[in-house]
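Got your viewer open and a selection box ready? Here is a short tour, stop by stop.

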Amino acid sequence: MKKYIIKLSRVCIIGFLILTAWGCNEFLEETDKSNFTLENYFTRPEHATSVVNSIYQSLQPVMQSGFGGGPWMMLEFATGLANTELGQAQNSLFVRNLINNSDNGYGQTYWTSSYRGIANANLAIEKIPEIDMDNADQNQLLGEARFFRAYYYFNLIRIFGNIPLITTSIDLTSPELYPEPASTEAVYNQIVADLEVAENSGLPWRNVSGRVSMGAVKSLFASVYLTMAGYPLQGGDQYYQLAADKADDVIQSGVFGLFDDYSKLHSVEDKNLGEHIFMTQYAAFTVPSSWQVSIIPYNRGISAYSAETGGIFANQEFVESFEAGDKRAEEKEFFYTEYSLESDRNTIMELGDYYIWKHFDEEAQLNTTSSGLNWPIYRFAEILLIYAEAMNEVDGPTAEAYDAVNSIRERANLPDLENLSQDQFREAIWREKWVELCFENKTWYDMVRLRKAFNVETLQFEDYVGHEFSYGPTLRERELLFPIPTAEIRNNDKLTQNQGY
């Protein structure tokens, strides 16, 4: 931890890290070119914008992908629903085969990038109030910073368990340089407190530039409360009600709606619009995404990209567990099993597995090899499912809960759910989430908060601990968390490694 804290205490306040990444005018403001220190930099409104812009950049490292796989895959291989052709991606194989260890670089990337984002958020929250600027702009920027501090801590607490809670900027003289881990309750209390401030910061419901919006704040809040209702806090009905209320705020806003066509989920023209509530931003030829090379088969010659890594694709058993007639299992809806050859687009190659179409940028794959496709963090379908699940826990399957989930099923050409008991409706919602949100870094989080896993052979949910993946490995209690990275344990003797690692 010391290594990156030292770096963060010196800089991380210049907005150029992200200014060219978003493709919208708000993010393209010119940075201040004068010499500065922490003491003299925060004097102008542009400085407030630049420090908040720098917080966004921490979304991107986990999506970096190549022949070593990609950190984002960690949460997918942990579900037992993904496979890889990339033999040299040891970090992926360790997670997939449940032999993971604390030297895994994926976990280190999540830890470092999240705490870097938190450090920049802390700096923004401290320094922006000192700047003489428009009050509404100031409040909105502080709302964005609060959102991100909550978001990064929400990921860290779920992935690693008890973690250091740092809410002030630090330097080499700070007592927090080697912080102790905080309790789970303390971290969640801070997340809630930050989101309460963000809710009252005057943010618009949608921001088509990709900046944090009220829709993003409410969506994160709904997800946080849903998690607090389950494990490890087991807060129960009061948090299910709060989750339903926040999700309903998003629904009742009338700003967001489901796309009619799944193709819009991976349309560059539709990013930050329609169903998309909040996304990690990319721009072709300036800051393009790199994960396109990971969702195409290994060296089959179907892509204009020179690197075809076969980094991740869906287990056949998972896709074949979808309900009969589910549109999402059809060719080139959520997955693809065939594609034309780059050398002859009239020749179709059978690929042999279910590769991920819902994140496939066809223009980049066919022509440009530079993708500006965004990565979804929150979309409206998830909010509908959060609302349905939470309302069912509070009041059983209400008409509104049925409407929420059936709108998603209607798009998938599936019959409406009806006349279900509370228990039946609960598992129907879980199954819908496993399908609709697959390969969006959502499923493992649900598995841990529910302590449940889906058996693709029996089509039943069973206990997380003891669940056997379709290809053999069995989940143990240790897999409820990922190991704290080795470097952090070595640098800070106040940290304790998670059980089993």
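Start by selecting Ile191, and bear in mind that this is a predicted model. Setting aside residues within four places in sequence, Ile191 is in contact with Ala150, Tyr153, Phe154, Ile157 and Val224. Now zoom out to the core around it: Ile191 is, with Phe147 and Phe335, among the residues with the most contacts inside the largest nonpolar core, which has 150 residues. Colour helix H7 (residues 135-160) next, since it supplies the largest share of this core, 14 residues.

Keep H7 on screen and add helix H6 (residues 105-127). The two axes come within 9 Å and cross at roughly 150°. An angle over 145° counts as roughly antiparallel, so that is what H6 is to H7. The crossing of H6 over H7 is left-handed. To see who touches whom, show side chains: on H6, pick from a list including Tyr110, Trp111, Tyr115 and Ile118, and on H7 from one including Leu142, Arg146, Arg149 and Tyr153. By residue class, the contact of H6 with H7 holds 14 nonpolar, four polar and two charged residues.

Next stop: the loop between helix H9 (214-229) and helix H10 (237-253), where you will find Pro232. Check the backbone here, as the peptide bond from Tyr231 to Pro232 is cis, with omega near 5°.

Now jump to helix H14 (residues 399-411) and helix H15 (residues 422-436), which pack at about 40° with axes 11 Å apart. That angle makes H14 oblique to H15. The handedness here is left-handed. On the H14 side, select Ala401, Tyr402, Val405, Ile408, Arg409 and Arg411; on the H15 side, Phe425, Ile429, Glu432 and Glu436. Sorted by class, these contact residues give six nonpolar, no polar and four charged.

Stay there and click on Asn413, in the loop between H14 and H15. Asn413 has a positive phi of about 60° although it is not a glycine. Is Asn413 buried or exposed? It counts as exposed, because its relative accessibility is 51% and the cut-off is over 50%.

Last selection: Phe439, in the loop between H15 and helix H16 (443-450). Phe439 also isn't a glycine, yet it has a positive phi of about 60°. Turn on a surface and look for its side chain: Phe439 is buried, with a relative accessible area of 3%.

Methods:
Residues are numbered from 1 along each chain as its sequence is written. This is a predicted model: local features need pLDDT of at least 70, side-chain atom pairs count only at pLDDT 80 or more; totals for chains, interfaces and linings use all residues. Side-chain values use heavy atoms; hydrogens and water are left out. A nonpolar core is a set of buried Ala, Val, Leu, Ile, Met, Phe, Trp, Tyr and Cys residues joined through side-chain atoms within 4.5 Å. Buried means under 20% relative accessible area, exposed over 50%, partly exposed in between (1.4 Å probe, protein chains only). Helices (H or I, at least four residues) and strands (E, at least two) are DSSP runs, numbered from the N terminus. Contact means heavy atoms within 4.5 Å. Axes are lines fitted to C-alpha atoms, for helices over the stretch in contact, and angles run from 0 to 180 degrees between N-to-C directions. Angles under 35 degrees count as roughly parallel, over 145 as roughly antiparallel, 65 to 115 as roughly perpendicular and the rest as oblique. A crossing is left-handed if the near helix is turned anticlockwise from the far one by less than a right angle, and right-handed if clockwise. Ala, Val, Leu, Ile, Met, Phe, Trp, Tyr, Cys and Pro count as nonpolar, Asp, Glu, Lys and Arg as charged, and the others, Gly among them, as polar.
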